[in-house]
Amino acid sequence: MSRQKIKNWLENVYNCPYLILVVVSSVVAMLCFDEIGIRLFDHNISAERTVSVVGDIVRAEENQTLAEPPVTLEEVQNTEETETENQEPVSENLQETNENAGERKEETDIIQNTEELNTDAQEAQTLQIQEEAQKGVTRFLPYEPLEIESRYYSDAGKIALTTEYPYTLANDSYFNDAAFLGDSRTLGIYDYVGLDGADFFCDNGMTIFKLLKDDGVTEQSTGQKVDLKQVLQERHYGKIYMMLGMNELGYGNTTMYMQEYLSVVQQIRAWQPDAIIFIMANLHVSREKNNMETEFNNININDKNVACARLANGVDIFYLDSNPMFTDSEGFLQAEMTFDGVHLYAKHYDKWRQFLVEHAVEKESPGEVTE
Amino acid sequence: MLFSSVGFLFRFLPIFMIVYLIVPAKYRNVILLAGSLVFYGVGEPYFVLLLVLSVLVNFALSRYMFWEPKSPQNNRKKKAAKRRKRALFLALIFDFGALFVFKYWDFAVENVNGLAGNRILPVLSLALPLGISFYTFQMVSYLLDCYWGKVSKRAGLIEFATYICMFPQLIAGPIVRYGEVSERMAERRIRIRDLENGLKLFAAGLGLKVLLANQIGTLWNTIMTAGPGNLHVIVAWLGALAYSFQIYFDFWGYSVMAMGLGKMLGFRIPRNFDDPYTSRSIAEFWRRWHITLGSWFREYVYIPLGGNRKGSARTVFNLFVVWALTGLWHGADWNFLLWGLGFFLVISLEKKTYGKWIEQSSVLGHIYTLLLIPVTWIIFAITDIRQLGAYLANMAGIHTGGVLVGTGQLVRYLKDYSFLLIACVIFITPFPKKWYHKWKDRWFMILFLLLIFWWSVYEIVVGSNNPFLYFRF
C-alpha cells in the first residue's frame, strides 16, 4: 500500500521534469550566487580594492585640511608602484608650472544649500578673483555636505568649476585633431553637435574602467570596435575630450573611479604627450531621475565630477563644467530638455557645441590672452 | 513586488508555495490571502490598508444587498429592491470615489483651475495605489454580478478577499470575474502537473517580459531620448514599432505569468491576449487585446447602456462613452482620452463603413491594422501634447525643426536591434504559442524554457545591480 503510494509519487515526479529542474537549479544557484541567494559571505570588494596610493592621499587630505594639493602626475609617479612602466617622463617646465598654477584654491564662502549649484555664485566668484588672473586654477566651491550612507559615494561637499583660463574661440579646424572618449552622452555629442573633424570613441555603458581594455570602444565614424590603446599609440591628437562617470555611479566607489581616471589620463599622456586633455563634467540628472535612495543622484555625480576635476592642472589638463547651461537653480537637469532625465534632446546639443567652441585652448601660447 | 524581481522569484514565491502546498486544503484561501497581502504590502505598506478597507466595505455592502430583517415588514419586496439599489449605489460611490480621488483628482482639478483661471481647488499630488484600477474593476464586477443575480454562490469574506487580492492578478490583471474562479475558490486540488505546467507558463511569460519587452524598450527610449520633433520619418516609425512591441510583450508577458501562477495555485485565470497584432481590423484588435478589460466594459457599461439595441444614434453614443472611459482608465491625461476617442472614431467608422470589406480582404486588413496600431500607441505613450504632436508630425514626414536623427542613427539602431526586432516579429505571430503547446512536454522545449528562465533571471540580476541597465548611458 505505502509502496504503491511511493510508486505513484515517483511517477508524478518523473512526469514533471521542468519543475524539478527549476527547483534544483534554483537551490544550487541560491547557494552559489548571493545576488539571488541568501548572503552567506559578505563580499566587501570595494574595501579591499580601495587600499591604494590615491586613496590614501585622498583620505589623508580629507582628514587634515580643506586645502587640497593637486593630484599631479609626478606625485603619483613617485608613489604609485604598479603603473610605472607606462610612464613617460613629464617635461621639466610642466612640473614647474604645476607647482603654482596647478594649485587648487578653496573659496572661503560656504554655500549652505547643497543644491545651490547655480551659475550666479560661479560668476561672482570669478569676478572676485579676476584681478589675480590665476590662470589654470580649478576652483572648488565648498558647501555643507550631506551624510551619505553608501558604499558607492559620499557627498564631496564642494562643486568643481571649470578650470580658469583665458580660453579662446575655436576656429574651424580646431576639432580636426580632437578625440572624444566617453559614454552615451558623448555619443550624443557625436550625433548632434556635428564636430565632423573629430574622432569619437564612445559606447553606451562605457566606463573609465573599460575604456582602455581589450574589449575596445566603437569608433563612431566607422561603427567598428577599436582597441583604444592601439589607436592612441598610432594616431596623433592635439586635444582629447573625456567624459565618463555615469555608468560608474553604481560601481566601485569614487576613490576607485578617481584612481582609474588618473591612471587612464597618465596612460593617455604617455601616448599623446602633446595633447591637451579636457576632462568634461558629467551632466547632472533631472529632479525626477534624481534618486537619493539609490546611488543615482546628483550628489554622486558631483562626487565623481569633483574627483575627476582634481586631475586638472590648468596647463595641459583642463576641467570643463557644462552643467550650468543645462541645469536649473538647484542643479537639476531641466525637465523640458530631456526625456529620460539623463540625456539631452537632440536639439539642445547646439548649446554644448557653443560651449566647446568657446573653451578652446591654444597650445602654442598658453600664457597670452588672445581674446 | 514585481514578478520579474529577485525578491519575488527567490524569496516570496518559494516560501509561499511551500506553505501553500503543505497546509490542509481548507486553509489554502487564508494562506493565499495572507500571502497576497504580504506581496502587496511589501511594495505598498500604506496602501495595503486602503486595499483591506475597500475589500471590507465592498464585502459588507455585498452582504447588505441581500440582508433581510427578521421582523415581518410591509412592502417587503419593495424594500428589498430599494436596499439592493442603495447597497449598489454606495459601493459604486465608494469604489469609483476612491479611484477618482487617487487617480483623477489632480487631472480634473488642473483642468477646472485652468478653466476658472485661478486655483479654486487644491492639487493633491497623491501617489497612485498600485493596481487600484484593476482591483476596483474587479470589486465593481462582483457587486454588479450580485445585484443582477449572476453570482450563483455568494462569497464568504475570506473567499471574497482572496478573490480580490489574489497576488497573480492583483496588480495588473487579468480582471477576473467571480464566476470564473468561484468553483475553484471553494474547492481546488493542486496536481503536480499543474505546478509543472504553471511554472512553464510562468517562465514563458517572464521571458516575454524580460527578454523581449524590456530589451526592445531601450530602442524606444533611445529614440525618445533624441527627442520627438527632429526624427527622420523612418526613425519615428521604428520608434513607434518598438513601443508597440514593448507594451505588448510587457503586458502579455505579465498576463502569461499570472496565468502560470494561477495554475500553480489551482486556479484557471482567463487569458488576456490572443495574438492582437494579427487582427484585421481595430475592432478585432480590441477583441484580442486586454480581453478581460474589453469584456468588462462590454458587460458593465456598453450593454447596461443599451448596447446596440436602442437605435444607431444611441449605439454611437454608447460606443463614445465606452471608449472615452477606456481611454481614461489607462491614465488621467488628455492623451489617454484622445487615444480612447481615436478608437471610438475608427471603430465607429469600421462598423458603419469599411469594416466588413476590410476584414474580408486579409492582406489589406493586416496592413491597415499594423499601420494604425503603432500610431495609436504613440498617442498612448506621449503624455505631453506638444511632444505628441511633434512625434506624429515626424511620422507623417513633417519637420519644423529639421531632421537631427536621420539615417546615420537609423543604421546604428538597426544594427543594434535587428535580431531583437526579428524575434519580436516572430512573437507577434500565433506560431510561438502553437509551438509551445505542441512541444511543451518534450525535452528540448523543457530545456529551452529552463534556459529562458535563467537567462531572464540573469538579466534581472544584472539589471537590479545596475537599475539603469535598460537606460545604459
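Which residues of α8(A) are buried?

1. Start with that helix, keeping in mind that you are looking at a predicted model. The buried residues in α8(A) are Ser184(A), Arg185(A), Thr186(A), Leu187(A), Gly188(A), Ile189(A), Tyr190(A), Asp191(A) and Tyr192(A). Put as a count, 9 of its 9 residues are buried, so the helix is mostly covered. Just after α8(A) comes Gly194(A), with a positive phi near 75°.

2. What does the covering of the buried residues of α8(A) include? From chain A there are β3, β4, β7 (239-243) and α13 (349-358). Chain B joins in too, with its α18 (407-428). If you're browsing the model, this is a good spot to show both chains together.

3. Now for the strands on either side of that helix. Strand β3 (residues 178-182) of chain A pairs with β4(A) in the parallel sense, over 4 bridges. The chain gets from β3(A) to β4(A) by way of helix α8 (residues 184-192) of chain A, and this β-α-β crossover is right-handed. For a residue to look up in the pairing, try Phe180(A), which stands opposite Phe200(A) in β4(A).

4. Stay with β4(A) a moment. In a regular strand, side chains alternate between the two faces of the sheet. In strand β4 (residues 199-202) of chain A, Asp199(A) and Phe201(A) point one way, while Phe200(A) and Cys202(A) point the other way. Buried or exposed, on those two sides? All of these residues are buried.

5. A word of caution about chain A. Its average pLDDT is 75, and 71% of the residues score at least 70. Over residues 40-70 of chain A, pLDDT stays under 50, and the model has 35 contacts beyond four places in sequence for them. Residues 73-117 of chain A are also below 50, with 74 contacts in the model beyond near neighbours in sequence. Where pLDDT is low, the predicted coordinates should not be read in detail, so I'd leave the contacts of those stretches alone.

6. Over to chain B, which has 20 helices and 0 strands. Its C-alpha atoms fill a box of roughly 80 × 60 × 50 Å along the principal axes. A compact globule of 473 residues would have a radius of gyration near 23 Å, and the 24 Å of chain B agrees with that. Buried residues account for 42% of the 473 residues. Among contacts in chain B with a separation of 6 or more, 73% are between residues 24 or more positions apart.

7. One helix of chain B to look at is α12 (residues 291-302). Its buried residues are Ile291(B), Thr292(B), Leu293(B), Trp296(B) and Tyr302(B). What do they pack against? The partners are α5 (132-147), α11 (282-288) and α13 (312-330) of chain B.

8. Finally, two loop residues in chain B. His290(B) sits in the loop between α11 and α12, and has a positive phi of about 45° although it is not a glycine. His290(B) counts as buried because 20 other C-beta atoms lie within 10 Å, and 20 or more is what a buried residue needs. Asp275(B) is in the loop between α10 (233-265) and α11 of chain B. The phi of Asp275(B) is positive as well, near 45°, again in a residue other than glycine. With 17 other C-beta atoms within 10 Å, Asp275(B) is partly exposed.

Conventions: Residues numbered from 1 in each chain as written. Chains lettered and ligands numbered in written order. Buried ≥ 20, exposed ≤ 12 C-beta atoms within 10 Å, placed from the backbone. Contact = placed C-beta atoms within 7 Å. Pairing = 2+ DSSP bridges. Right-handed = clockwise from strand over helix to strand, strands pointing away. Rg over C-alpha atoms; globule rule 2.2 N^0.38 Å. pLDDT = per-residue confidence, 0-100.
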